[in-house]
Amino acid sequence: MSVMDATQLRVAYQQRTKPKAAQDRPFVRWAIISVAVAFLAIFIVLPLIAVFAQAFSKGFSAYAAALAEPDAQAAIRLTLIIAAISVTINLVFGLVAAWAIAKFEFTGKSLLVTFIDLPFSVSPVVSGLVFVLLFGAQGLLGPWLQAHDIEIIFAVPGIVLATLFVTFPFVARELIPLMQQQGTQEEEAALSLGASGLSTFFRITLPNVKWALLYGVLLCNARAMGEFGAVSVVSGHIRGETNTMPLHIEILYNEYQFIAAFAVASLLALLAVVTLLAKTLLERRIGSAKRGVH
Amino acid sequence: MAAVPTLPSIRQPWPKSVIPGFGLTLGITLTWLSLLVLLPLAGLFIKSFELSPSQFWAIVSHPRTVNALKLSFGLSLLAATINLIFGTLVVWALVRYDFPLRRLLDALVDIPFALPTAVAGIALTSLFAANGWLGAPLAALGIQVAFTPLGILLALIFIGLPFVVRTVQPVLQDLDPELEEAAASLGASRLQTVTRVILPALLPALMTGFALAFARAVGEYGSVIFIAGNLPNISEIAPLLIVIRLEEYRYADATAIAVVMLVASFVILFIINRLQRWSELRTSSS
């Protein structure tokens, strides 16, 4: 017999004693399950299946040809570069911010955490717009940048900036709660035994948070590769140059090249499925890391 | 007893701790946060001050702007409400019952988080277009979904769903079943137990999930624009209008609309913060 998960245990526990009002009638249970499954099927499962069905609707060769196309290749390359840059920077920033926030007490901490989460509540379009207003030709720094021949908007640096902005909170917000929960005792022990600050970090703190860090990196990566609104505003949509995969999908779709659009989309959908799979596995690991503290 | 020499009190600028690196890490955090997030956002407000109040008002009260804002906020409210109802049913089914594929469906609830918005947009459009899997039967009933405000609503439901489910789910999971048994043994009917015992306990989480779904829907762009039809005054959402004004080089217009949306999202963020604090108080006291 396989090991029960939390819900199966709870269901078994509820069926142990049967006071009527503590249980749902079979009819109610059946109705709620049907509605829930139908809702999830329509809004989650069918769109996901539709992506792959459309991508392969003219067979595998059409699919492969769409992905082999030079503009698609350029978009995939650019997306990978953007993701690599923004994940690396956010990884370092996330660790640094989580160290300051989780290991020390200071005034204004909750405000700082709110500010770190801020990009989550800003519309993607506005996230792109702020950089256009700053670095665009009409922007606050536009004339200076033009005088020095530096291109940010409608070029790769702008895409990197917009992606960094929208993915800013991802790693930090996964690390902060876990590191707060783990406290500072292990680090204090290591330091009092003569370990240096850096070796304490690499030997104690980092191993303790590795799964949460990986989790944050995965989510950050998924968003970095998939960001559309913010990137769309700053990119300029230059084919083969400033087109990321999501922007390329939009162009193909608007040109009625549906197979090609869904072929590129299927790669990102696959990334989403893999990310969720890894997330489900990691959540168990992080759950046990949290329980280990108590 | 010898007097202990008192040192002149020195104000500690930061907390005393054996853990090193506070100044460095906080310094880097504040600098990077300011450069990447706070200053660009401040730049938006600075840019908007170049407009006189009457110019600002003329842009914001322009019928096309008003219609776009109404559409974005109205449909987001409706989508969040639908998510609140169906999301709660989904949570109930996932937490309380066991059924085939439950674990798979549970994991898939996060798809709207993980699936890029552009992909979601074209997938929903192909699904609900007049010749799509769901659009065709609906069209036979005379209901057009894609390229109408109804299509926008569906996209907003899609992206908001995980916010409600993932906020309410842990709270229902931690709810002690003995509470319900106590209510039942004291003679409450099932309906009374649900409405008087379970729903009040879930209320803060429900409201937080609702607010999060609403906040996300208001700013949503990618998953909406493909299915929306984007007709001015009818199916044109506010973020799209910002993009259109930018493409027309009407930066002042884009800035003014963006300021309205940003202020709205700050207000929502503040409310969510309050709700979450309330939620934490509730769960820690029980």
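The following questions and answers examine the fold, the buried core and the salt bridges of a predicted model.

Q: How many helices and how many strands does chain A have?
A: The elements of chain A, read from the N terminus on, run α-α-α-α-α-α-α-α-α-α-α-α-α-α. The C-alpha atoms of this chain fill a box of roughly 70 × 60 × 35 Å along the principal axes. The count for chain A is 14 helices and zero strands.

Q: What percentage of the residues in chain A is buried?
A: A residue counts as buried when its relative accessible area is under 20%. Chain A exposes about 13300 Å², and carbon and sulfur atoms supply 65% of that area. Of the 294 residues in chain A, the buried share is 53%.

Q: Which residues touch the most other members of the largest nonpolar core?
A: The largest nonpolar core has 191 residues. One of the residues asked for, A:Leu175, is a buried residue of helix H9 (residues 170–182) of chain A. Those that touch the most other members are A:Phe131, A:Leu175, B:Leu44, B:Leu115 and B:Ile242.

Q: With which residues is A:Leu175 in contact, leaving aside its neighbours within four places in sequence?
A: A:Leu175 belongs to H9 of chain A, where the buried residues also include A:Phe170, A:Val171 and A:Met179. Contact requires heavy atoms within 4.5 Å. By that criterion, the partners of A:Leu175 are A:Gly94, A:Leu95, A:Ala98, A:Val209, A:Ala212 and A:Leu213.

Q: How many of the ten residues of helix H12 of chain B are buried?
A: Helix H12 of chain B spans residues 238–247 and is mostly covered. Its buried residues include B:Leu240, B:Ile242 and B:Arg245. The helix is followed by B:Tyr249, which has a positive phi near 60°. The number of buried residues in this helix is nine.

Q: Is A:Glu241 buried or exposed?
A: A:Glu241 is placed in the loop between helix H12 (229–235) and helix H13 (245–254) of chain A. Apart from neighbours within four places in sequence, A:Glu241 is in contact with A:Leu78 and A:Val156. Because its relative accessible area is 55%, A:Glu241 is classed as exposed.

Q: What is the distance between the closest N and O atoms of B:Arg166 and B:Asp110?
A: Side chains of opposite charge can pair when their charged atoms come close. B:Arg166 and B:Asp110 form a salt bridge. The closest N and O atoms of this pair are separated by 3.1 Å.

Q: How many residues apart in sequence are the parts tied together by B:Arg166 and B:Asp110?
A: B:Arg166 and B:Asp110 are joined by a salt bridge. B:Arg166 lies in helix H8 (residues 149–174) of chain B, whereas B:Asp110 lies in the loop between helix H4 (102–108) and helix H5 (111–114), so the pair ties together parts of the chain that are apart in sequence. B:Arg166 is partly exposed at 23% relative accessible area, and B:Asp110 is buried at 3%. The separation in sequence is 56 residues.

Q: Which residues are linked with B:Asp110 and B:Arg166 in a network of salt bridges?
A: A search of the whole structure finds 19 salt bridges over all chains. Within the network, B:Arg166 forms a salt bridge with B:Asp110. The other linked residues are A:Lys279, A:Glu283 and B:Asp106.

How values were computed
Residues are numbered from 1 along each chain as its sequence is written. Chains are lettered from A and ligands numbered from 1 in the order in which they are written. This is a predicted model: local features need pLDDT of at least 70, side-chain atom pairs count only at pLDDT 80 or more; totals for chains, interfaces and linings use all residues. Side-chain values use heavy atoms; hydrogens and water are left out. A nonpolar core is a set of buried Ala, Val, Leu, Ile, Met, Phe, Trp, Tyr and Cys residues joined through side-chain atoms within 4.5 Å. Buried means under 20% relative accessible area, exposed over 50%, partly exposed in between (1.4 Å probe, protein chains only). Helices (H or I, at least four residues) and strands (E, at least two) are DSSP runs, numbered from the N terminus. Accessible areas come from the Shrake-Rupley method with a 1.4 Å probe; for residues, only the protein chains shown count as cover. A salt bridge is a side-chain nitrogen of Lys or Arg within 4 Å of a carboxyl oxygen of Asp or Glu.
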